[in-house]
Amino acid sequence: TIKVQNGKKATDCRQLSSPFFVLSTRMNYFCDTRVSTIRFTPAGVNEKQNSVMENVKRVPYGVSNFVEVVEQNQYYVDKTMYLPLLEQQPSNLFFIRPRRFGKSIFLSMLRAYYDIAHKDKFEARFGKLWIGQHPTPLQGTFQVVFLDFSRASGGSGSLAENFNRYCGMAMDLFGRIYESFYFPGFAQKMEEQPDFVSKLNYLNFHAAETGAHLYLIIDEYDNFTNVVLNEQGNEIYHALTHASGFYREIFKKFKGMFERIFMTGVSPVTLDDLTSGFNIGWNISTDYQFNMMLGFSETDVREMFLYYKEAGQLPADTDIDAMIAEIKPWYDNYCFAEESLNRDPKMFNCDMVLYYLRNYMNLGKSPKEMIDPNTRTDYNKMKKLIQLDRLDGDRKGVLRRITEEGEIVTNLTITFPAAEIANPEIFPSLLFYYGMLTITATRGNYVVLSIPNNNVRKQYYDFLLEEYQEKKYINLNHLGLMYYDMAYDGHWRETFEFIAHAYKENSSVRSMIEGERNIQGFFTAYLSTNAYYLTAPEVELNHGYCDMFLMPDLLRYDVKHSYILELKYLSSKDFEAKAEAQWQDAVEQIHRYAEGTRVRQLIKDTQLHCIVMQFRGWELARLEEV
């Protein structure tokens, strides 16, 4: 949209001489000068169509405010059908989900729906959603206290002072919003109360007096204490959440004061430590009824992609099925309840889908990086909170096993105290809550927790990679150029010899040599840095499990070569006697894998290379294409 110069009417766009734009004379445009601006619209698109294009809903990437989404014409995936179901549950609910699954926008929707101060806006905000046609009697009947504990840990004071200051400000805001439901001067009296607990007591007294219905909503209820646990240590954390710790005492105040409570977070640690002080909460995190309450189903994703295609925001020839097929291995496959395994579809990570869509709309194709760079911050937070930098040998072993095998069979622990966070038996459950593992099967009374997708798998590889790089740095840019030669020219030898040499030089590997498994972990970590292949260890191919399958990413790169890699290890003392027999076994195995129909489907028209590498201890002894 460009302002008309000097009010002059332009009958041809090329008459405009302004220096700040150039129009291609090969494109046929018409101008609309009935208003003070000129709108350039491709010929053949009428005013009605143009109006539709202008009203296309924006992609709400990074937006966590429901009211902002619906009032500013942004796309909303309707989750309001869960509200009646939530009302049927106990009054005080905990709900845990990984980051970027839509927790904050769901709480924002909950707040907008039940808030009596916004009752008159129900039709405008919810009229086109499911709940708009099926409102419950509780709609617009509560005064809502909303707290976001991720904002409670910052400041120049002590932990207690910062927490008290934030929560006190939230209560002061409550007083201003709901003063008309109490008496003139209610807000000022609220502000005059000296601390958060006093403000709660003040509200409790007057709410009971007026018969007000109170709803407490807390976002990231575990964030404050998790930060304390990580940065201040277990002793200070224990002081906050046990005995007469202020955090524990505040939760005691919540009990009996609020008619309804809904809290979300990413970790069950705080939940367990607070239960004796707040023992009326009902945890619905692994309840199958709410398995799909957050995240996007495939139906949600398909409808959203189709909407933007029909609105002209995606190319007219966009293949929606191909888009979904591309993102499934990267963002899909989350399941949070055993009973949902054979009942519900798997769920997508919300923000990842929106990141992909936003890029596709801008570029007309998928993003160069399938993993949103902004999630790097989340990964670093997760590393701190589950203390990846302080893992003992047992938990490191668990992490390596998951990385190499892609899954672990375990008991899923619903909650656990902070004192148990270092327990290797608890560790897989902690990874589950952070979205690093998901439920894929059951085995008797155990669950099989697996790496859900390539996005998460890359985080595991990064953990191994960081560990190796700290011991012996490898230039990854140089390695990346070698991957290009592998993918497009079939020059593989230099790459594999380079990684094998790095393996030999890596002192951390040498000091904890574990044979073939260790070699596989090392190769997996470094091969995962390539852009042209989906690196998959232990893939089932033709009734066997190959050590490494480099599956070409043909949706984004015109790769010419693909690879199956078989890694074999013998100790130095056994090598001479067993090397030849082991080599022949490896050749037979890799040929069997290559003959599988699934391999042919995955590699398409690329040239497949079957590579066998044999190690004597930590030194490469033989490398051949067979």
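Let's start with the nonpolar core. In this predicted model, the largest one has 135 residues. The residues with the most contacts inside that core are Leu147, Leu203, Phe254, Phe262, Phe496 and Phe523. If you want to know which helix gives the most to this core, look at H4, residues 103-114, with 8 residues. There is also a second, separate core of 29 residues, and Tyr75, Leu314, Met352 and Tyr355 are among its members. As general background, nonpolar side chains in soluble globular proteins tend to be buried together.

Let me zoom in on Phe496. What does Phe496 touch, once we set aside residues up to four places away in sequence? The list is Met486, Phe523, Leu527, Tyr563, Leu565, Ile611, Met613 and Leu623. So that you can find one of these again, Phe523 is also on the list of residues with the most contacts in the largest core.

Next, please find helix H25, residues 572-594. Where is the kink in H25 centred? The centre is Lys578, and the bend is about 70 degrees. The buried residues of H25 are Phe575, Ala579, Gln582, Trp583, Ala586, Val587, Ile590, Tyr593 and Ala594. Keep in mind that an α-helix has 3.6 residues a turn, so residues three or four places apart point the same way. As for what covers the buried residues of H25, the cover includes helix H26 (597-603) along with strands S13 (545-552), S14 (561-570), S15 (607-616) and S16 (619-625).

One of those buried residues, Phe575, brings us to charges over rings. Arg616 lies over the face of Phe575, and the distance to the ring centre is 4.3 Å. Elsewhere, the ring of Tyr288 has the charged end of Arg343 over it, 4.1 Å from the ring centre.

Now for rings with rings. Searching the whole structure gives 46 aromatic pairs. Tyr178 and Phe181 make a tilted pair, 6.1 Å centre to centre with 50 degrees between the planes. Are the two partners buried or exposed, or somewhere in between? Tyr178 is buried, because its relative accessible area of 1% is under 20%. Phe181, at 33%, counts as partly exposed.

A second pair to look at is Tyr484 with Tyr532, which is edge-to-face: 6.1 Å between centres and 70 degrees between planes. This pair links distant parts of the chain, 48 residues apart. Tyr484 belongs to helix H21 (residues 476-489), whereas Tyr532 is in the loop between helix H24 (516-527) and strand S12 (533-540). Tyr484 is partly exposed at 40% relative accessibility, while Tyr532 is buried at 14%.

Some rings also gather in a group. Phe66, Tyr76, Tyr113, Tyr114, Phe122, Phe126, Phe142 and Tyr215 form one aromatic cluster.

A quick word on cysteines. How many disulfides are there? The count comes to 0. Two cysteines you may like to look up are Cys350, buried at 7% relative accessibility, and Cys610, which is buried with a relative accessible area of 7%.

Last stop: Ser429, in helix H19, residues 427-433. Ser429 is buried, with a relative accessible area of 0%. Leaving out neighbours within four places in sequence, Ser429 is in contact with Asn411, Leu412, Thr413 and Phe416. Thanks for listening, everyone.

Key:
Residues numbered from 1 in each chain as written. Predicted model: local features only at pLDDT ≥ 70, side-chain atom pairs only at ≥ 80, totals over all residues. Heavy atoms only, no water. Core = buried A, V, L, I, M, F, W, Y, C linked by side-chain atoms within 4.5 Å. Buried < 20%, exposed > 50% of the residue type's maximum accessible area, 1.4 Å probe, protein only. Helix = DSSP H or I, 4+ residues; strand = E, 2+ residues; numbered from the N terminus. Contact = heavy atoms within 4.5 Å. Bend = angle between axes of the 7 residues up to and from the residue. Phe/Tyr/Trp six-rings, centres within 6.5 Å; stacked < 30°, edge-to-face > 60°. Lys NZ or Arg CZ within 6 Å of the ring centre and 35° of its normal. Disulfide = S-S within 2.5 Å.
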